[in-house]
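Me: Got a minute to go through this one with me? I'd like to go over chain B before I use it.

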Amino acid sequence: MRKHIFALTALALAFSLRASAQSFLENSQVNGSFQTDAQYYMLDKGIDINDLKGKQLGINGFGKIGYTNGNFSAGMRFEAFLPEMNGFRSELNGVGLANFFASYNNDFIGVTVGDIYDQFGCGFVFRTYEEWSLGMDNALRGVRVVLRPTKGVTIKGLYGRQRFYWAPYLERDFSSDDYRGIVRGADAEWDLNQSIASMNESKFRMSIGGSFVSKKQYDQSLFYYIPENVGAAAGRVNLGYGNWAFSTEYAYKINDPSAINNFIYKEGRALMSSLSYSQKGFGAVLQVKRVDNMSFKSMYTGKQNDLDINFIPPINYTHTHSLPSMYTYSTQPNGEMAAQLQVNYTIPKGTALGGKYGTKLAFNMSQVNDIVRDSVQFGDQMALNTPGSLGYISKFFAISDHRFFRDINFEIDKKINKDWHLTAQYINLYYDIETIEGHAGAPAVKANIGFLDVTYKINKRQSLRLELQGLWENEVHKGYEVDESEKKDFQKRGDWAFALLEYSINPHWSFSIADKWNYGNPVEEYRDHYFTGTISYIHDATRIMLSAGRQSEGVVCVGGVCRTVPASSGVTLTVSTAF
Amino acid sequence: MKRLTTLLLMALMVTGLYAQSKSELPNVTLKNLDGKDVNIAKLSNNGNPIVITFWATWCGPCIKEHNALNDVYQDWQDETGVKIYSVSIDDSRSTAKVKPVVEGKGWDFEILLDVNSDLKRAMNVSNPPHTFLIDGNGKIVYQHTGYIEGGEEDLYEEILKIAKKKK
């Protein structure tokens, strides 16, 4: 009954508003989006799923509604994990209003209250964002003010507490391990080209920026003295001249003992620089990065990606095809030295190699090694990383022999004629699975990977696409000796083959079947087929996808932030729409 | 709290019924490849249609869609005056790569950088590629998610519908 009264009140309110403020309503706009991902799990002895652990069904869903009227906007997002799908954190289990905000923005000032997503520079000291496919949301609930005093100058200030799954914001409940602190930050950016009139059209471009972020946390530790205020600062410069661009950012964080760094009292540092050159048909970028003890969370006991205040961008190629993306690098916040070179080139149209449409080539190489750590005491008396100590000493430019990751790949993308299009890529991969995925003692993955992706246009409406992929490990394959005790660490190892055939009818339908086969696993019982069939229907901004079959154990990563997906068998349904 | 939420939701929905069905572009400022600020709400193309398409360097179907659009872009411009804004949702791990990739692939679109997904959120984009068509009055008249081979033809039909109206 009460609900009806409220509905009626709302209606009456709307009508009265309509009568009294026609123009206000004419400027009102409502938009939103909705998505549900559901998985129905089945037993499958073939891939060792003998027990569903009480979970037959997993559903992740959200609905979002936004309202704008001129400079004013507001919105909210409702989420339901009933329960969460396999591979998502169990803390997500629940339902409720996860996010809401109201915001006013004009050319001079912007004020937002509620859940805030923002980023300072590249994110070294502050970034809050939401990534549905990872179940990741570290929104800051609080207040943000943005000032633009003159053209080209932006000053931001914000404070609040971060989202921690469904933990309430108002009460602080230390008994439930919720030690979340408060996050405060400020950032300023000055774009010289926009603010200095004589530089408006200059070929030389320059902007500088700086940020400071601090957390106020509560020391609940019985063993360590935990600093209750931890500050971090960063400075950045972006330069450009004609076709050249250079950008760099450096960050420093004071001692911040935490579960992630094994409670050491060392300061943190990070540096990233990029140099690029681009002109029509050619582009190249070189990036280098150094990260040392830069995990920054608003709760010192936080695990994995919980309550991250900052974001350390990985610099390596993001693969999207099934086998190449099987071993995706995930950022090591405790220390890494990384470099990447990428070159894109289009062989021009009308040349012998370019043909009628041009030929697109891409080369990428990236490598990540560990930093060098030395004992904090003369004569190596103190073991590295001893909790409660300064941890280690690290020379800034020294690179450890311990390699985490290397990826060298070459891609060719060619439209042959009106009907045929092909993409092919070769990848040489080194992946330290022990460090990245925690399979202790397992040998690194050294593999050659290749794929061919061919599209054939049958006619204006219909097309066929075929994907063939192979992954060949140099050392670990059929015949490699695996001890009974370490079998579990070899679940997806060895050689793989993959094939996919997709038939699409534009604009709505797409049907595909695929098989992924671990034919060269050193452990015989893991040499399984992973068949899947998928039907997808798209209508404007609505997408419905139904797939059935097996999913292999794997890692889903977005931006170097990863979650592991256990092997499963069953049916998956995704429905999403926007309006 | 719950009741307040219900009330708020209903009020919003009812308001929405009376609000104009065709929404306008949100007041979000992004940077272009030269680092200049571009306010999305103020985009204009002399009354001609605008296409806004979301993509990322790591999104396969997006690259396909962009290559296909680039092949026909010159013809489309000649016939309808349409302008394509291509919004990269690459975050800081790959922002530095956007320009080399765009130039290396020879695309002619106006590129905007949505580094922390502000516009993506404001326009309710869940997964790229996601394409919007905006008419000469700045109203969103059509949107489409995903890319299927030949999908650009359907977009062009929608563009023709509003480009004709102008004459």
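Reply: Sure, here is a run through confidence, the sheet, one helix and the contacts with the other chain.

Me: What kind of model is this, and which cut-offs apply?
Reply: This is a predicted model: local features need pLDDT of at least 70, side-chain atom pairs count only at pLDDT 80 or more, and totals for chains, interfaces and linings use all residues. Residues are numbered from 1 along each chain as its sequence is written, while chains are lettered from A and ligands numbered from 1 in the order in which they are written.

Me: And what are the scores?
Reply: The model has ipTM 0.85 and pTM 0.89. For chain B, pLDDT (the predictor's confidence in each residue, from 0 to 100) averages 84, and 84% of the residues score at least 70.

Me: Which elements of chain B have the lowest and highest mean pLDDT?
Reply: The lowest mean belongs to α1(B), at 52, and the highest to strand β4 (residues 83-88) of chain B, at 96. Helices here are DSSP runs of H or I with at least four residues, strands are runs of E with at least two, and both are numbered from the N terminus. Over residues 14-21 of chain B the pLDDT is below 50, yet that stretch has 17 contacts beyond near neighbours in sequence. Where pLDDT is low, the predicted coordinates should not be read in detail.

Me: OK, new topic. What's the strand order in the sheet?
Reply: In chain B, 7 strands run β2-β1-β5-β4-β3-β6-β7 in an open sheet with mixed pairing. Its edge strands are β2 (37-39) and β7 of chain B, each pairing on one side only. Pairing here requires at least two DSSP bridges between two strands.

Me: How do β3 and β6 of chain B pair, parallel or antiparallel?
Reply: Antiparallel, over 5 bridges, between β3 (residues 50-55) and β6 (residues 130-134) of chain B. Val51(B) sits opposite Leu133(B) in β6(B).

Me: And α3(B), how many of its residues are buried?
Reply: 10 of 11, including Val98(B), Val101(B) and Glu103(B). Buried means 20 or more other C-beta atoms within 10 Å of the residue's own, with C-beta atoms placed from the backbone. After α3(B) comes Gly106(B), with a positive phi near 75°.

Me: Last one: how many residues of chain B are in contact with chain A?
Reply: 53 residues of chain B, against 81 of chain A. Contact means C-beta atoms, placed from the backbone, within 7 Å. On the chain B side, α1(B) gives the most, with 11 residues.

Notes: Contact = placed C-beta atoms within 7 Å. Buried ≥ 20, exposed ≤ 12 C-beta atoms within 10 Å, placed from the backbone.
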